[in-house]
Amino acid sequence: MNRLFATILYLLLLVPFPAAGAGAQSAQHRPKIGLVLSGGGARGAAHVGVLKVIEELRIPIDYIAGTSMGAIIGGLYASGMSPEEIEKALKGNDWLDVLSDSPKRKDLSFRRKREDEEFLVRSAAGFNNGELELPQGLLQGQKLLLLLKSLTLPVATINDFDQLRIPFRALATDISTGQPVVLKKGDLALSMRASASIP
């Protein structure tokens, strides 16, 4: 965990961030403050409490970066959601269902229930253009992506994360090389999901 944290900090030092929004003039007279949010699954929801205290203390955040659940919380906050709105979204969803790629067992037909019992590995390999193709990860994340897309709908047209309310970066891993990847452009919801994926 310490190595991951050190890697994130190192990468943030390499990534240039522009001045943050309209408050940049008054921010020139103080040090820039960057907030780095770690992963940790459900424990990552504790970041919402941190954001509440930061707002209570009126600590200005100039940049946000995160990985996994930290990328989700950080991305939602950077997009303009308040800590209270993020908390409501977290509490208002069945996360076991959101993180599952399959329909709930009670919604499956008898035949599908029997098939699930027979196969240990539920992600199927197959052939594409004559080449063996493996699943992209342990979780495909379709339900999670749909939820993140609905939560980030107000900023769906923004492709440069420097244009969000607070400039944002998500950290993911290139599954081919194992190297960290800093996501700073593109679809915000897809970037947050990529950071939270389990390859």
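# Exercises on a predicted model

Let's start with one pair of neighbours: Ala65 stands opposite Arg169 in β5. Keep in mind that this is a predicted model.

**Exercise 1. Work out which strands pair with β5, and in which sense they run.**

*Solution.*
- Step 1: Start with β2, which covers residues 63–67. Four bridges join β2 to β5, and these two strands run parallel. The Ala65 and Arg169 pair from the opening is where you can look for this in the structure.
- Step 2: Now turn to β6, residues 180–183. β5 and β6 pair in the antiparallel sense, again over four bridges. Here you can find Ala172 opposite Val181 in β6.
- Step 3: Look at the hairpin that β5 and β6 make, with six residues between the strands. In that hairpin, Gly178 takes a positive phi near 80°.

**Exercise 2. Decide how enclosed strand β5 is by the rest of the structure.**

*Solution.*
- Step 1: β5 runs over residues 168–173, so you have six residues to check.
- Step 2: Apply the cut-off: a residue is buried when its relative accessible area is under 20%.
- Step 3: Five of the six pass that test, so β5 is largely enclosed by the rest of the structure.
- Step 4: For the background, look at the whole chain, where buried residues make up 34% of the 199 residues.

**Exercise 3. Is Ser195 buried or exposed, and which residues does it touch?**

*Solution.*
- Step 1: Find Ser195 in helix α9, residues 188–195.
- Step 2: Its relative accessible area is 8%, so Ser195 is buried.
- Step 3: List its contacts, leaving out residues up to four places away in sequence: Gly66, Thr67, Ser68, Ala71, Ala170, Leu171 and Ala172.
- Step 4: Zoom in on Ser68. Its backbone nitrogen lies 2.7 Å from a polar atom of the Ser195 side chain.
- Step 5: Ser68 itself is in the loop between β2 and α4 (69–78). At 22% relative accessibility, Ser68 counts as partly exposed.

**Exercise 4. Find residues other than glycine with a positive phi.**

*Solution.*
- Step 1: Recall the usual pattern: most residues other than glycine have a negative phi.
- Step 2: Ser68, which you just met, goes against it with a positive phi of about 55°.
- Step 3: Arg58 does too, with phi near 55°. You'll find Arg58 in the loop between α3 and β2.
- Step 4: Check the cover on Arg58. Its relative accessibility is 75%, so it counts as exposed.

**Exercise 5. How many salt bridges does the chain have, and what do some of them link?**

*Solution.*
- Step 1: The count is six salt bridges.
- Step 2: Take Asp62 and Arg30, whose closest N and O atoms are 2.8 Å apart. This pair links distant parts of the chain, 32 residues apart: Asp62 sits in the loop between α3 (46–56) and β2, and Arg30 in the loop between α2 (24–27) and β1 (34–37).
- Step 3: Compare their cover. Asp62 is buried at 4% relative accessibility, while Arg30 is partly exposed at 26%.
- Step 4: Next, take Asp162 and Arg169, with closest N and O atoms 2.8 Å apart. Both Asp162 and Arg169 are buried.
- Step 5: Then there's Glu87 with Lys91, where the closest N and O atoms are 3.7 Å apart. Both lie in helix α5 (residues 83–91), four residues apart, about one turn of the helix. Glu87 is partly exposed at 25%, and Lys91 is exposed at 67%.
- Step 6: Add Lys52, and you have a network of salt bridges linking Lys52, Glu87 and Lys91.

**Exercise 6. Which residues form a nonpolar patch on the surface?**

*Solution.*
- Step 1: The patch is made by Val53, Leu57 and Ile59. Together they have about 250 Å² of accessible area.
- Step 2: Place one of them: Val53 lies in helix α3. At 41% relative accessibility, Val53 counts as partly exposed.
- Step 3: Put this beside the whole chain, which exposes about 12500 Å², with carbon and sulfur atoms supplying 58% of it.

**Exercise 7. Sum up the chain as a whole.**

*Solution.*
- Step 1: Count the elements: there are nine helices and six strands.
- Step 2: Look at the contacts with a separation of 6 or more. Residues 24 or more positions apart account for 71% of them.

Terms used. Residues are numbered from 1 along each chain as its sequence is written. This is a predicted model: local features need pLDDT of at least 70, side-chain atom pairs count only at pLDDT 80 or more; totals for chains, interfaces and linings use all residues. Side-chain values use heavy atoms; hydrogens and water are left out. Buried means under 20% relative accessible area, exposed over 50%, partly exposed in between (1.4 Å probe, protein chains only). A polar contact is a pair of N or O atoms within 3.5 Å; within protein, one must be able to donate a hydrogen and the other to accept it, and residues adjacent in sequence count only if both atoms are side-chain atoms. Contact means heavy atoms within 4.5 Å. Two strands pair if DSSP finds at least two bridges between them. A salt bridge is a side-chain nitrogen of Lys or Arg within 4 Å of a carboxyl oxygen of Asp or Glu. Patches are made of residues with over 30% relative accessible area and no salt bridge: like charges are joined within 9 Å, nonpolar side chains (Val, Leu, Ile, Met, Phe, Trp, Tyr) within 5 Å. Accessible areas come from the Shrake-Rupley method with a 1.4 Å probe; for residues, only the protein chains shown count as cover.
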